[in-house]
Every structure is written in C-alpha cells, then in structure tokens.
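Trainee: Could we go through this structure together? I would like to discuss its cysteines, a sheet and a loop.

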Amino acid sequence: MIRIGKADDNDFVLNDPHVSRYHARLIREEGTWLLEDLSSTNGTYVNNTQISKKRITSTDQIRLGDSCHISLPEILKSKNDYSEEFAILKEVYDHYVQSKVKIQSSNQFKIRLMQSLPFALPGVIGVVLGFLGKGSSILFGASLFIVICAPAVGIYLGARQSAKVPQQLQDLVNQFKIDYVCPKCGTFLGEIPWESLRNRKSCPVSSCRAKWADEEA
C-alpha cells in the first residue's frame, strides 16, 4: 500500500494546498493497482472523473484536488517500484526467443534444400539426356558436366546461406541487448528468462535495487 497526501508520514508526499493531509492511497490487488480516495476535501479524479475507488493503469491521468496532477509511474518510482515497466520486458524476451528459433530453423531448411537439390537434379537430367541422345557423345558430355558442376554449385549456395546466419543472429542479439535491460539502471539482463528474473523480485545492482515484482508475487 502507498499512502498519498500532504502529511510527512505519507509514502508519497505532495506539498500542494489542494491536497489533503491524507488524500488517497494505492493498493495492490491481484496484479493491478486500486486508487482509493480517503475522504479528501477536494476529491480525487481519474481521467477528469471524480472517484472514490478505481482500478488504474500507467496511462490514466490522476488529479488530486483542482490542480495537482500525478501519474501511477511517478508514484511507484517514489517507492523504487518499476514493476509496470519490468512487465513489458516479458514480450521483449519472448520475441527474442521466437525470432532466434525462426532464424535458425529457416536457414537450416534453406541450406539443406540448396545442397541437396543440385544432387537430385543431375540424375534426372542425365536420364533424360541419355534417353534423348541415345549414346550421343555431346549429350553424354553435357550430362557429365552437369553431374560434376551441380553439386559444387549446391555446396557454394549452401555455404553462402550459412554465412548469413551469424550476422542475422548478431543483429538480433544487438537489439536484444538494447531492449532487455533493467528499466531503472539500464543494466543488460543477459539471456536469463523473464520468469526467472521476476522471481528475483529486484535488480541485483546494489546502486539500483529497482523493484521488479511485488514481494507477495
């Protein structure tokens, strides 16, 4: 629970004449935040509508009294709570894993296709040329040339495709290192699964210690 008001013993103190000593409070319920007015003199508003109690998100506009504007992220940061921002990192991690698997599997298929197809085609072409030429030295020579050169071409194309994989993966990793960071201090979180990081509750950097999840979660 986070208490909001003008009195010094609140968790989030606001020095504003329109704010009551104990104006409102935030309560964590089932993974969401509930904003409750504490019978304040000038009222609590969410998106310009006066409320007594309402579930809110980081995009809601909160006003205490006539002119004191605050937001959920602002309140949470006063308690070093970055759980809202940290929750977004789950999508970042899931996208990274899915993209990595897609790049690897897609390129493996292309490499095998490029390397195996040239081995199969010469056999078919050789049979056709042999049947049409009926012993012609020219057609036999053409068939032999294809049989020798086609596999070499397949190996070359397969090698080229294989060479693309490290760069594609590196580009993916570089972007991942930019996006998968502590929302407060910006420290890269490695390739540790999001769920494992959530279980740690907070950033391990001593100078940060940003809260990633509720202690009760």
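**Cysteines, sheet and loop**

Mentor: The structure holds zero disulfides, a disulfide being a pair of cysteine sulfur atoms within 2.5 Å. This is a predicted model: local features need pLDDT of at least 70, side-chain atom pairs count only at pLDDT 80 or more, and totals for chains, interfaces and linings use all residues. Residues are numbered from 1 along each chain as its sequence is written, and side-chain values use heavy atoms, leaving out hydrogens and water.

Trainee: How far is the nearest cysteine sulfur from that of C185?

Mentor: The sulfur of C182 is the nearest, 3.7 Å away, and C185 is in no disulfide.

Trainee: Is C185 buried or exposed?

Mentor: C185 is partly exposed at 34% relative accessibility. Buried means under 20% relative accessible area, exposed over 50%, and partly exposed in between (1.4 Å probe, protein chains only). C68 is buried because its relative accessible area is 7%.

Trainee: Now the sheet. In what order do the four strands lie?

Mentor: The order is β6-β5-β8-β9, in an open sheet with antiparallel pairing. Strands are DSSP runs (E, at least two residues), numbered from the N terminus, and two of them pair if DSSP finds at least two bridges between them. The edge strands, β6 (49-51) and β9 (68-70), each pair on one side only.

Trainee: How many bridges join β5 to β6?

Mentor: Three. In β6, T49 is the bridge partner of V46.

Trainee: And where is L38 found?

Mentor: L38 is in the loop between β4 (32-37) and β5 (44-46). Beyond its neighbours within four places in sequence, L38 contacts Y22, H23, A24 and R25 (heavy atoms within 4.5 Å).
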